[in-house]
Amino acid sequence: MDLNALRQFLVVARLEHLSRAADELHIAQPSLSRTIARLESELGTPLFDRASRLRLNDTGKLFRGYVERSLGELDAGRRAVAEATSEGVGAVRLASETFLTLTGPLAAYKRAHPIIEVELKWTPAEDMARRLRAQDVDLCLASQPINADGLEAIQLLDEAVGVAAPLGHPLAGRTSVSIDELAEQPLVTARKGHWQRRLLDRLFAARDLRPKIVCEVDEPSAIADLIGAGLGVGLVPAIARRTATRTPLVWITVDSPDCRRTLTLYWGVDSHLSTAARLMRTTITSWNWNTHEPQEELG
């Protein structure tokens, strides 16, 4: 079974669209279609449903898991051999929903290990378990719990998430606010895939409410600035309240025990972590996430 065909299959399976997959792979769509057809012929079964649009079927989903794990093992083997033969420490691939939280630990890591290559990959939490099992990344930092088998984890921080409002806002003098009251407010939030949006949607869905979103951004670091500009209010974690300095905002407690952020570092149970990845894990877990400073000198 051709490895290149398997890698092409994974792109088609992820995008469920032949022309977009062909563009990403920089190959002609007819060539990609023939590759998928040959793969299905070799397996003796379709991997996609093609009724209205291309959809990965149950057999395809089953096969995808084996392909991801197999290619992940091969890539891990190549990295292990390269590390062993070069007597180096390798590279580290870190996935996260936001890298703003990681700027302190990353700076400390690069100061301590300047020659190590660090690859940062933005990844929504729902894709993290799959990428770790496939060994596509070494470590994942998630701001909401991941419920999946085959992962090890260390919780780094459990903090309240409050509502930020601009100075002079009607809520600015309040000490707390309910979800029902937030349903009446224009909300500034991140787009789907970011943890703030998942938390917002979950809190409102639990009460059969719909948030009134007036601004949806790709970069969560812009949320505070947009709130300060008077566009609305939004969910902001306590760590941002301590570190934010540019925009004067009022932080209000949300009257819900579920309005929290849990920062957790994950890695695969059976993954081969390079020396670089193990050093990164140590840096992140040794960081004092309450004060946003290193707990000890990292060398």
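Which residues touch the most other members of the largest nonpolar core? I began my entries with this point, keeping in mind that the model is a predicted one. Val-92, Ile-284 and Trp-289 are the residues I noted, out of the 22 that make up this core. I then looked up where the core residues come from, and found that β3, α5 (103–112), β5, β6, β12 and α11 (275–286) each give two or more. The largest share, four residues, is supplied by α11.

Val-92 seemed worth a separate entry. Setting aside neighbours within four places in sequence, I listed its contacts as Tyr-109, Ile-116, Glu-117, Val-118, Glu-119, Asp-138, Leu-139, Ala-276, Ala-277 and Met-280.

Next I turned to helix α6, which spans residues 125–133 and in which I found Ala-125, Met-128, Ala-129, Arg-131 and Leu-132 to be buried. I recorded that the buried residues of α6 pack against the strands β3 (91–96), β4 (117–122), β5 (139–142), β6 (151–166) and β12 (260–268), and also against helix α8 (195–205). Just past the end of α6 I noted Gln-135, whose phi is positive at about 55°.

I then went through the aromatic rings, for which the count comes to two pairs. In the pair of Phe-9 and Phe-48, the centres are 5.9 Å apart and the planes stand at 70°, an edge-to-face arrangement. Because Phe-9 belongs to helix α1 (residues 3–15) and Phe-48 to strand β1 (residues 48–49), this pair ties together parts that are 39 residues apart in sequence. I checked burial as well, and both Phe-9 and Phe-48 are buried. For Phe-9 and Phe-63 I noted a centre distance of 5.3 Å and an angle of 50° between the planes, so this pair is tilted. Here too distant parts of the chain are linked, since Phe-63 lies in helix α4 (residues 58–86), 54 residues from Phe-9 in helix α1. Phe-63 is buried, as is Phe-9, and I entered Phe-9, Phe-48 and Phe-63 as one aromatic cluster.

Last, I took down some values for the whole chain. I counted eleven helices and 14 strands, and I noted that buried residues make up 45% of the 299 residues. Among contacts with a separation of 6 or more, 72% are between residues 24 or more positions apart. The C-alpha atoms fill a box of roughly 65 × 55 × 30 Å along the principal axes. The exposed area is about 15100 Å², with 50% of it supplied by carbon and sulfur atoms. For charge, I entered 36 positive and 39 negative side chains, with the centres of the two sets 3 Å apart.

Terms used. Residues numbered from 1 in each chain as written. Predicted model: local features only at pLDDT ≥ 70, side-chain atom pairs only at ≥ 80, totals over all residues. Heavy atoms only, no water. Buried < 20%, exposed > 50% of the residue type's maximum accessible area, 1.4 Å probe, protein only. Contact = heavy atoms within 4.5 Å. Core = buried A, V, L, I, M, F, W, Y, C linked by side-chain atoms within 4.5 Å. Areas by Shrake-Rupley, 256 points an atom, 1.4 Å probe, with all protein chains shown as cover. Lys, Arg positive; Asp, Glu negative; His and termini not counted. Charge placed at Lys NZ, Arg CZ, Asp CG, Glu CD. Phe/Tyr/Trp six-rings, centres within 6.5 Å; stacked < 30°, edge-to-face > 60°.
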